[in-house]
Amino acid sequence: MKPDTIYCGDSAELLSSWPEGCVDLAFADPPFNIGYVYDNYVDDKPNAEYVAWTRDWMAACRRVLKADGSFYIAIGDDFAADVRVIGRELGLHLRNWIIWRYTFGQNMKAKFCRAHTHIFYFTKDAQVFTFNDRQLRFPSARHTEYQDLRANPLGRLPDDVWDEFPRVCGTFRERAGFHGCQMPEALLMRIIMASSNPGEIVLDPFVGSGTTAAAAKRLGRRYVGIDISPEYAKHTRERLRGVTDDSSAKPQDGCWPAFHTEMLMQLYRETKVTLANLLPNEVALRVIAASLSERVGHAYSVADVRAEFERVAATKVLPKLPNDTPYTPRDHWTTEGKRYVRKTARQRRRLNGELLFADAGGFLGHQRK
Ligand SMILES: C[S@@+](CC[C@H](N)C(=O)[O-])C[C@H]1O[C@@H](n2cnc3c(N)ncnc32)[C@H](O)[C@@H]1O
């Protein structure tokens, strides 16, 4: 096993040729067996075969994990229960069953829209493992709502439902463009910051577009990735050539490195309080400054954080918070209404077998017969 390498091949097979206990952290996002189209993998195995395969690669990952290693697995609804059971059978210790709740989920017609993925957080040992809690903290409601001076000045840890990482959609700048299941780098950064230290080895046995490797490299970790597709492996190597190690970036002449600003914006997303309410709140800003300093390895003060927030607000668009949609007056009832009703009529024709109703105001409801 050579660090900072993207291998092409079958992960269970390759991992079985590596020495035992050579990896500090593994993150796996396997195909979910839902018929997704990949370059050279058919995502449609019989259930028993898929579960047996899952057991094989989970056992292979467990073998290469160090005694104090951590193992995260992302999985869909259909096989989440199997992953939990296999983890127990392999002697892995479940620390969290995380729900990644994302925006831009798939729209459904006759059931609730799916907007989550399961992420299992296992450790090899029940007691001995890395968990860098200080790098993960952010202001709680006690800081933001009440400015409560008794609240922990380091902030609170995230819940096990993560809703601050939107899916990487087609239009996002982050999108690498060659893989349909690209995960957000910020999500991987949280996992890597939590469960590894600089210089340690992070494995992704289904590296896909290379997100885990990119996040690991940016945070000063060593990466090893595996993918069965020569195309994905090639593109991932290319992607990684454009990624720099940001872990030792320092401000120059009062200017923040882009990585530090990005981390501040992530803290803003996690805090979920609009800037107008955040800037005057010294108690919350103190937590943000402490957490940011831990995340980037450079001491920032409340004044630094406030000035950077103001600079970003003046020059760029701040990340959009879920309940922060500015009101834009629209003219749906007159001009846009006609277009809407025409569109509804087209949909009615298309959806044979369903009843569609469109009232004059453009309301569209539909129900199965
Ligand atoms: C869900 S994608 C991973 C996406 C990745 N997390 C990202 O952010 O881009 C799963 C990947 O597993 C790869 N794969 C499927 N079977 C494999 C196997 N046996 N060994 C290694 N990789 C495999 C597929 O080619 C695909 O790229």
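A residue counts as partly exposed when the number of other C-beta atoms within 10 Å of its own falls between the limits for exposed, 12 or fewer, and buried, 20 or more. Gln 147 has 14 such atoms and is therefore partly exposed. The model discussed here is predicted.

**Two residues with positive phi**

Gln 147 sits in the loop between helix H4 (141-144) and strand E6 (161-162). Its phi is positive, about 50°, although Gln 147 is not a glycine. Asp 253 also has a positive phi, near 50°, and is likewise a residue other than glycine. Asp 253 belongs to the loop between H7 and helix H8 (258-271). Asp 253 has 4 C-beta neighbours inside 10 Å, so it counts as exposed.

**Confidence and domains**

The average pLDDT of the protein is 90, and 91% of the residues score at least 70. Residues 354-369 fall below 50. Beyond near neighbours in sequence, that stretch still has 25 contacts in the model.

The domain assignment gives domain 1 (5-241), domain 2 (258-315) and domain 3 (332-368). The centres of domain 1 and domain 3, taken over C-alpha atoms, are separated by 41 Å.

**Three helices**

The table lists the lengths and end-to-end spans of three helices.

| Helix | Residues | Length | Span, first to last C-alpha | Expected span |
|---|---|---|---|---|
| H2 | 47-64 | 18 residues | 26 Å | 26 Å |
| H7 | 230-241 | 12 residues | 17 Å | 16 Å |
| H11 | 302-315 | 14 residues | 20 Å | 20 Å |

For H11, the span agrees with the value expected at 1.5 Å a residue. The agreement holds for H7 as well. H2 comes close to its expected span.

Which residues of H7 are buried? They are Tyr 232, Ala 233, His 235, Thr 236 and Arg 239. Seen down the axis of H7, these residues fall within an arc of 170°, so they line one face of the helix. The face turned away from the buried side carries the exposed residues Pro 230 and Arg 241. The buried residues of H7 pack against strand E1 (5-8), helix H6 (211-218) and strand E8 (222-227).

H11 has three buried residues named here: Asp 304, Val 305 and Phe 309. Their arc around the axis is only 130°, which puts them on the same side of H11. Ala 303, Glu 310, Ala 314 and Thr 315 are exposed on the face turned away from that buried side. H8, helix H9 (275-278) and helix H10 (282-296) are among the elements that cover the buried residues of H11.

In H2 the buried residues are Thr 54, Trp 57, Met 58, Ala 60, Cys 61, Arg 62 and Val 64. What do the buried residues of H2 pack against? Their partners are helix H1 (11-15), strand E2 (23-28), strand E3 (65-75), helix H3 (77-89) and strand E7 (201-204).

**Nonpolar cores**

Cys 61, one of the buried residues of H2, also stands out in the largest nonpolar core. That core has 51 residues, and Ala 26, Cys 61 and Ile 192 touch the most other members. Leaving aside neighbours within four places in sequence, Cys 61 is in contact with Leu 15, Ala 26, Ala 28, Phe 71 and Pro 205. A second, separate core has 16 residues, including Met 263, Ala 284, Ala 289 and Val 296.

**Trp 256 and Ala 115**

Trp 256 lies in the loop between H7 and H8. Is Trp 256 buried or exposed? Trp 256 has 22 C-beta neighbours inside 10 Å, so it counts as buried. Its contacts, leaving aside neighbours within four places in sequence, are Pro 251, Thr 261 and Glu 308. Trp 256 and Asp 304 are 48 residues apart along the chain, and their C-alpha atoms are separated by 9.6 Å. Asp 304 is one of the buried residues of H11.

Ala 115 lies in strand E5 (residues 114-123). Ala 115 has 16 C-beta neighbours inside 10 Å and therefore counts as partly exposed. Not counting residues up to four places away in sequence, Ala 115 touches Arg 101, Tyr 102 and Gly 105. Ala 115 and Asp 163 are 48 residues apart in sequence. In space they are 9.9 Å apart, C-alpha to C-alpha.

Notes
Residues are numbered from 1 along each chain as its sequence is written. This is a predicted model: local features need pLDDT of at least 70, side-chain atom pairs count only at pLDDT 80 or more; totals for chains, interfaces and linings use all residues. Helices (H or I, at least four residues) and strands (E, at least two) are DSSP runs, numbered from the N terminus. The expected span of a helix is 1.5 Å times one less than its number of residues. The arc is that of the directions from the helix axis to the C-beta atoms. Two residues are in contact if their C-beta atoms, placed from the backbone, lie within 7 Å. Domain bounds come from an automatic or database domain assignment. pLDDT is the predictor's confidence in each residue, from 0 to 100. A nonpolar core is a set of buried Ala, Val, Leu, Ile, Met, Phe, Trp, Tyr and Cys residues joined through C-beta atoms within 7 Å.
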